[in-house]
Amino acid sequence: MSMNGLSGRRILVSGGGLAGPAVACLLARAGAEVAVVEIADRIRPGGQAVDIRGAGRTVLRRMGLLDRVRAVSLHQQGIADVDDRGRRRTEMTIEDFGGEGIISEIEVLRGDLAEILVESSLAAGVTYLFSTSIRALVDGPDGVRATLSDGSEQVFDLVIGADGPHSATRRLAFGPEDRFVRPLGGYMAWFTAEESTSLDGWYQMFNAPGGLVVSLRPGREAGLAKAALSFTSEPLAYDRRDLDAQRRLLEDRFAGLGWRTPELLAAARDADDFYFDALVQVHMDHWSAGRITLVGDAACCPSPLTGLGTSPALVGAYVLAGELVAAEVSSVTACWRVLTPPGTCRCRGCWFASAPLPRPTGVRLSAALWLGPDGRSRCRSRGWCRRR
């Protein structure tokens, strides 16, 4: 992406996950002065493997990062469904479906990808403010006045919310979470565990009656694996900051379950990268309000169940940056409207992130969305997108 024209523009990004550092890096390379606020005290380590598919690979290649991502990709053989004694019942190899099955040709740990994006953004001049969040936003004629949790106030030309499905930026600029977040009837926990018995490169999954799923997949470091526990449930009232209460909830739900469940519950008690959240999707009619806009899961979370959140986040960051450069931030709302929100495209297929859960892919993003060398999007749906 060849970009210029943002020199002197001040941009605030909320969220240091994947979409935030990606868009921050691209905008800083274009000459903007970019600051990222992150509520955690550091970039969150760990996390499960994320897929790099279709146009997401194109974005990383154009950012000059694809080789670095490939260098930290996971060695995986495929996915296997096991019973309560660990015996395999079904298998799907990484080569099935042309390398675009459940296990993608390129999968990296979320923490490794975040580290690459953050390092690249720092090299471009981005500033990070950790243990900091946005408390208030006032969009005025001269910019957006942001009040931060440290008590400071600053004015920015643009504010970008990349702070996940529970986005505080979205709440401040668009309204309460329940207007946009749709529960899918389940919860999931992710954490690191010891690989006490070799997985031999296989992502192993145990499904039990009652909507309980236990899984373990290879990590990048020897002797460590990535575990996940998920269960179906009506919406639960719980404190998202009380990790011990979340661990107890898992122990109650998974008590007495077979396979490697007991050792994974024990690992969850001590894991420093333990993360628990509801399974949700985010649906919005528009992503911008004046000089405030959204990207990534804050705008269009497809849910972790799809395995398709990373590529739309990267593509969204790339297209947003390209459109901002083209508009020179003269009309933030207008430049982001060129990319229609999920589910409202004329062909209703360009953003697979919006598809219903039973059909999460809809259409391959790489086939439906062409990214021009300037970072601007081009829909080439004729002959590709399936009308619904």
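Helix H1 is mostly covered in this predicted model, with 10 of its 11 residues buried. The buried set runs through Ala19, Gly20, Pro21, Ala22, Val23, Ala24, Cys25, Leu26, Leu27 and Ala28. These residues pack against several elements: strands E1, E2, E7 (127-130) and E11, and helices H4 and H9. Just after H1, Gly31 adopts a positive phi of about 105 degrees.

The pairing of H1 with H4 can be described in more detail. The two axes come within 8 Å and cross at roughly 25 degrees. H1 is therefore roughly parallel to H4, since angles under 35 degrees fall in that class. The crossing of H1 past H4 is left-handed. On the H1 side, Pro21, Ala22, Cys25 and Arg29 take part, and they meet Leu117, Val118, Ser120 and Ser121 of H4. An α-helix has 3.6 residues a turn, so residues three or four places apart point the same way.

H1 and H4 also contribute to the largest nonpolar core. This core holds 50 residues, and those with the most contacts inside it are Val13, Leu27, Val34, Leu117 and Ile160. Two or more residues each come from strand E1 (10-14), helix H1 (19-29), strand E2 (33-38), helix H2 (54-62), helix H3, helix H4 (110-123), strand E11 (158-161) and helix H9 (310-327). H9 supplies the largest share, 10 residues. Leu117 touches Leu18, Pro21, Ala22, Leu60, Met63, Leu65 and Leu314, leaving aside neighbours within four places in sequence. Another core, of 39 residues, lies apart from this one; among its members are Ala225, Leu265, Ala298 and Cys301. In soluble globular proteins, nonpolar side chains tend to be buried together.

Across the whole chain, 11 helices and 20 strands are present. Of its 388 residues, 55% count as buried. Contacts reach far along the sequence. Among those between residues at least 6 apart, 70% join residues at least 24 apart.

Asp112 offers a further view of H4, the helix in which it is placed. Asp112 counts as buried because its relative accessibility is 11%, and the cut-off for burial is under 20%. Beyond residues up to four places away in sequence, Asp112 touches Val72 and Arg220. Its C-alpha atom lies 8.8 Å from that of Ser73, a residue 39 places away in sequence.

A long-range approach is also found at Gln77. This residue sits in the loop between helix H3 (66-71) and strand E4 (78-82). Its relative accessibility is 31%, so Gln77 counts as partly exposed. The C-alpha atoms of Gln77 and Gly201 are separated by 5.0 Å, although the two residues are 124 apart along the chain. Leaving aside neighbours within four places in sequence, Gln77 is in contact with Thr93, Ile94, Asp200, Gly201 and Trp202. Closer in sequence, the Gln77 side chain makes a polar contact of 3.3 Å with the side chain of His75.

Asp200, one of the contact partners of Gln77, belongs to the loop between strand E12 (181-194) and strand E13 (202-208). Asp200 counts as exposed because its relative accessibility is 53%. Its backbone is also notable for a phi near 55 degrees, a positive value in a residue other than glycine. Most residues other than glycine have a negative phi.

Trp259 likewise has a positive phi, about 55 degrees, without being a glycine. Trp259 lies in the loop between helix H6 (243-254) and helix H7 (261-270). At 15% relative accessibility, Trp259 counts as buried. Asp200, by contrast, is exposed.

The helices on either side of the Trp259 loop also pair with each other. The axes of H6 and H7 come within 10 Å and cross at roughly 170 degrees. H6 is therefore roughly antiparallel to H7, as angles over 145 degrees fall in that class. Arg247, Leu250, Glu251 and Phe254 make the contact from H6, and Thr261, Leu265, Ala268 and Arg269 make it from H7. Leu265 is also among the residues of the 39-residue core.

Methods
Residues numbered from 1 in each chain as written. Predicted model: local features only at pLDDT ≥ 70, side-chain atom pairs only at ≥ 80, totals over all residues. Heavy atoms only, no water. Helix = DSSP H or I, 4+ residues; strand = E, 2+ residues; numbered from the N terminus. Buried < 20%, exposed > 50% of the residue type's maximum accessible area, 1.4 Å probe, protein only. Contact = heavy atoms within 4.5 Å. Polar contact = N/O pair within 3.5 Å; in protein donor to acceptor, adjacent residues only side chain to side chain. Core = buried A, V, L, I, M, F, W, Y, C linked by side-chain atoms within 4.5 Å. Axes fitted to C-alpha atoms, helices over the stretch in contact; angles between N-to-C directions. Parallel < 35°, antiparallel > 145°, perpendicular 65-115°, else oblique. Left-handed = near helix turned anticlockwise from the far one by under 90°.
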